[in-house]
Amino acid sequence: MKSKIVLFFTIIVCFLLQSTLLQKIAIGSITPNLLLILCVSMGLMRGRKSGLWTGFFSGLLVDLFYGSVFGFYALIYMYAGFFSGYAFRIYYDDDIKVPMALTAIMDLIYNLAVYGLQFFLRGRLGIFKYLYRIIIPEIFYTVFLALIVYKIFYYINHHFMNATRKERESIWVLK
Amino acid sequence: MKNLKKKFQFRIHLKSKHLLVIMTFFCGSAVVSTLASGVTSEPLAEAAGMIVVPFEKSIDGIGSWIGEISQTFQDKQELINKNQELQDAVDTLTEQNNILIQNQSELSRLQELYKLDEEYSSYPKVAARIISKDPGNWYDTFMINRGSNDGIRVDNNVISGKGLVGIVTEVGSNWATVRAIIDDSSYVSVMTVGTDDNCVVTGDLELIDEGKLRFSQLYDKDDKVTVGERIVTSNISDKYVEGLFVGYVSELELDTNNLTKTGTIVTPVDFKHLKDVFVITVNKQDAVDSGSTSQEDAAETGQEGTE
């Protein structure tokens, strides 16, 4: 219960920062994707189910205020959280390289999904232009931000949330 | 008991996959229902807005407070340089002003001609401040600190001092989200001031960096529309009120069909540094509705008269 409340507030705070503060530190009008870092971190540190719920609720917030189609971002963030949950218990969560690599992959998938489903289908075909102008800069900026905020999420997870030490989430552990 | 526990654990183990399927169905149905039947998430957004918006307002307040403080600590040399720059600017502006005064008579004549000025000032407006922006990089929507309590409704047009900014897409009691005209999914029906030719202005993510918009379907057989032509919202648009300034034509080329022209428009609004906007609290549809009802009334009275 305690973890759920902490998670809820973390999501709200991240959403607030994402839509206000991070817009102010945008470089070339590219903002890093803090909510995605949160989903990936929670998936990595707490498993698939936590990643799924984190992703769902952060996506839902984006949908409620800014989305044109309700449920779209919830779906993408949810999958990002879920799939980074597969890394739970394969990798140790105190190593910074894993969340960085995961964030880069998930950000690429996230952006390709947004492009593919909302731009490509409307006939905007210049994928490489979008790749160079938006996707790659965003990945670099997001990974850089992950370098900083992952420590914070790590601290929140280990000090304010209940430990998730059960093996049940991992598909690789034989039972 | 042990058996039961084992069963319970087994269920939990399977759950994360099942959960994913269930939530995917949920999201999928939400997407389909919003696309197909136009079910709105308004009550949910309203509830979430009550939690989120006050924080966003206060963060924005703190941000501008810090901005003011950092401004007071500016370097002296910087101020001297700035003063020099401003002095130069004053000189050039004085010169420009002289030219502008000469143009004034022409301008007033044109204003009378198009009644732009009157209509601009005759629309009731509400000033609002931008408190947060779209979290992603793909779209250009933002949230303002005024909502239905201040008379803002969906489809209200948003302008800044310089020109058209966007349109209200969602409204809560004390907030509203605005889709900018540079947003990739934005379409505005516009016309040229000089020739009253209609065309469509669309936002394009590829042109955002240059501060430009794309326009298309301009039918201009006699090549009267030139670079620098003023573009305003058209009289036939059903979302945008007539005569809001959108921008100047900057590029123009004939389509391969040899009939219509496409090109780009430069907007005078600086979307990156936009802070304060005005919301026009009259919808185009209001005018249409009231017009039709009054016509109906007239028709009814006319019928009664004949009877």
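Helices here are DSSP runs of type H or I with at least four residues, numbered from the N terminus. With that in hand, Ile5(A) can be placed in helix 1 of chain A. Keep in mind that this is a predicted model.

**Helix 1 of chain A and its partner**

Helix 1 covers residues 2–19 of chain A, and its axis comes within 9 Å of the axis of helix 3 (residues 34–46) of chain A, crossing at roughly 155°. Angles over 145 degrees count as roughly antiparallel, so helix 1 of chain A is roughly antiparallel to helix 3 of chain A. On the helix 1 side, the residues making the contact include Leu7(A), Ile11(A), Cys14(A) and Phe15(A), while helix 3 of chain A brings in Leu34(A), Leu35(A), Leu38(A), Met42(A) and Arg46(A). Sorted by class, that contact has nine nonpolar, three polar and one charged residues.

**A nonpolar patch on the surface**

Back to Ile5(A): together with Met1(A), Phe8(A), Phe9(A), Met50(B), Ile51(B) and Phe55(B), Ile5(A) makes a nonpolar surface patch of about 780 Å². Two elements give two or more residues each to this patch, namely helix 1 of chain A and helix 2 (42–72) of chain B.

**A salt bridge between chains**

Over all chains, the structure holds 14 salt bridges. One of them joins the side chains of Arg133(A) and Asp209(B), at 2.3 Å from N to O. This pair crosses between chains: Arg133(A) sits in helix 7 (residues 127–160) of chain A, and Asp209(B) lies in the loop between strand 7 (198–202) and strand 8 of chain B.

**Positive phi in chain B loops**

Here are two residues other than glycine with a positive phi.

| Residue | Phi | Loop in chain B |
|---|---|---|
| Asp223(B) | near 55° | between strand 8 (212–219) and strand 9 (230–233) |
| Asn258(B) | near 60° | between strand 10 (245–254) and strand 11 (260–266) |

Key: Residues are numbered from 1 along each chain as its sequence is written. Chains are lettered from A and ligands numbered from 1 in the order in which they are written. This is a predicted model: local features need pLDDT of at least 70, side-chain atom pairs count only at pLDDT 80 or more; totals for chains, interfaces and linings use all residues. Side-chain values use heavy atoms; hydrogens and water are left out. Axes are lines fitted to C-alpha atoms, for helices over the stretch in contact, and angles run from 0 to 180 degrees between N-to-C directions. Angles under 35 degrees count as roughly parallel, over 145 as roughly antiparallel, 65 to 115 as roughly perpendicular and the rest as oblique. Contact means heavy atoms within 4.5 Å. Ala, Val, Leu, Ile, Met, Phe, Trp, Tyr, Cys and Pro count as nonpolar, Asp, Glu, Lys and Arg as charged, and the others, Gly among them, as polar. Patches are made of residues with over 30% relative accessible area and no salt bridge: like charges are joined within 9 Å, nonpolar side chains (Val, Leu, Ile, Met, Phe, Trp, Tyr) within 5 Å. Accessible areas come from the Shrake-Rupley method with a 1.4 Å probe; for residues, only the protein chains shown count as cover. A salt bridge is a side-chain nitrogen of Lys or Arg within 4 Å of a carboxyl oxygen of Asp or Glu.
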